[in-house]
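Biologist: I've got a model open and a pile of labels attached to it. Can you walk me through how each label was earned?

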Amino acid sequence: DGEVHINELKSGNTEIFWNPTSEVRRQRLKRHIVLFEEQTDFESERLWQDVTSAINKGDQHKATQEKFVLEEEQRNAARERKENGTEWKPLLFQHDAITNEWRYKYEDLRPWDPLNDIAQFEKNGILQTMERHLATGMSNHKMTCINNQVTRHKRSAKDCRRRKASDQPSNHSQNTESSCSTPESVQELSDDDGKYLGFESLCTQCGKEMNHLKEIHSAVLSLQRAQQDIHR
């Protein structure tokens with residue numbers, strides 16, 4: 001967030017290389033740091049804490065010593081694995097044979113979807129994206145709910161026709177109106193079709209999710225209108 005200067009040693013001149021404006025500062029991403037107490041032994045901040053402390057104190061000799069200790073421990077661990085024939089299997093990286101480079105296993109290169117993606121974070125070294133998916137979740141659950149009701153309605157209608165056929169002892173009774181009524185067909189259902197067809201109302205979860213989705217939809221429309229006003 002601060003200025004970066006280039007110092008020309010020969011001439012003694014100094015010029016500004018980077019000067020972040022207030023707009024740039026506003027656009028910076030919020031930094032999330034795992035608490036030091038919650039870090040494992042091999043996470044950078046904890047692993048290099050003695051080296052960092054020496055650098056901050058200006059003790060270059062101490063920093064070099066601590067760095068050597070860490071590197072020597074890594075060399076000894078590598079020698080022990082080689083002697084024991086233990087294969088080193090990285091937890092978060094895999095080797096790309098084509099580029100001969102190591103790549104992060106859980107890298108996410110897809111474009112950011114502002115309508116569905118809420119936040120991106122790292123958990124146990126694995127990059128994860130918090131997504132809405134409310135529309136899909138609501139749709140799947142609602143269709144399951146409706147299909148269950150359709151099945152119950154068809155089963156009830158089938159039983160009704162069976163009782164109707166068995167209760168016809170003579171010809172003159174065939175003209176008697178039945179207490180059962182059956183729709184010709186049930187193909188597509190809208191949000192309100194359940195009520196028109198005599199189904200029971202959708203479950204509580206569907207109702208809550210539909211209301212929640214409507215609120216989100218209204219908020220998005222409001223944001224879109226604000227963006228259009230700003231653009232104009």
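**How the labels were earned**

Modeller: Let's start at a turn: the hairpin of β3 and β4 has four residues between the strands, and there Asn100 takes a positive phi near 55 degrees. Keep in mind that this is a predicted model.

Biologist: What makes the phi of Asn100 stand out?

Modeller: Most residues other than glycine have a negative phi. Asn100 is a residue other than glycine, yet its phi is positive, near 55 degrees.

Biologist: And why is Asn100 called exposed?

Modeller: Exposed means over 50% relative accessible area. Asn100 comes in at 58%, so it counts as exposed. You'll find Asn100 in the loop between β3 (93-96) and β4.

Biologist: How do you know that β3 and β4 pair?

Modeller: Pairing takes at least two bridges between the strands. Here four bridges join β3 to β4, and the two run antiparallel, so they pair. One of the links is Asp96, whose bridge partner in β4 is Glu101.

Biologist: Over to the rings. What makes Tyr104 and Tyr106 an edge-to-face pair?

Modeller: The structure holds two aromatic pairs. In the pair of Tyr104 and Tyr106, the centres are 5.9 Å apart and the planes stand at 70 degrees. Ring centres must lie within 6.5 Å, and planes over 60 degrees apart count as edge-to-face, so the label follows. Ring pairs also link Phe93, Tyr104 and Tyr106 into a cluster.

Biologist: Is Tyr106 buried, exposed or partly exposed, and what is the reason?

Modeller: Partly exposed is the range between under 20% and over 50%. Tyr106 has 33% relative accessibility, so partly exposed it is.

Biologist: Now charges. Why is the contact of Arg110 with Asp117 called a salt bridge?

Modeller: Side chains of opposite charge can pair when their charged atoms come close. The cut-off is 4 Å between nitrogen and carboxyl oxygen. For Arg110 and Asp117 the closest N and O atoms are 2.8 Å apart, so the pair qualifies. Asp117 has 3% relative accessibility and counts as buried, whereas Arg110, at 35%, counts as partly exposed.

Biologist: Which other partner does Arg110 have?

Modeller: Glu131 forms a salt bridge with Arg110 too, with the closest N and O atoms 3.2 Å apart. Glu131 lies in strand β6 (residues 126-131) and Arg110 in the loop between β4 and β5, so the pair ties together parts that are 21 residues apart in sequence.

Biologist: What touches Asn116, and why is Asn116 called buried?

Modeller: Leaving out residues up to four places away in sequence, Asn116 touches Met130, Glu131, Arg132 and His133. Asn116 has 14% relative accessibility, and buried means under 20%, so the label fits.

Biologist: How many salt bridges are there by this rule?

Modeller: The count comes to 10. Glu72 and Arg79 make one, at 3.5 Å from N to O. Both belong to a salt-bridge network together with Lys67, Glu71 and Arg75.

Biologist: Last one: what makes the nonpolar patch, and where does Phe17 fit in?

Modeller: Val4, Ile6, Phe17, Trp18 and Val24 make a nonpolar surface patch of about 450 Å². A patch residue needs over 30% relative accessible area, and Phe17 has 60%, so Phe17 clears that cut-off and counts as exposed. Phe17 is found in strand β2; β1 (4-7) and β2 (14-18) each supply at least two residues of the patch.

Definitions and conventions:
Residues numbered from 1 in each chain as written. Predicted model: local features only at pLDDT ≥ 70, side-chain atom pairs only at ≥ 80, totals over all residues. Heavy atoms only, no water. Patch = residues over 30% accessible without salt bridge, like charges linked within 9 Å, V, L, I, M, F, W, Y side chains within 5 Å. Areas by Shrake-Rupley, 256 points an atom, 1.4 Å probe, with all protein chains shown as cover. Salt bridge = Lys/Arg side-chain N within 4 Å of Asp/Glu carboxyl O. Buried < 20%, exposed > 50% of the residue type's maximum accessible area, 1.4 Å probe, protein only. Contact = heavy atoms within 4.5 Å. Phe/Tyr/Trp six-rings, centres within 6.5 Å; stacked < 30°, edge-to-face > 60°.
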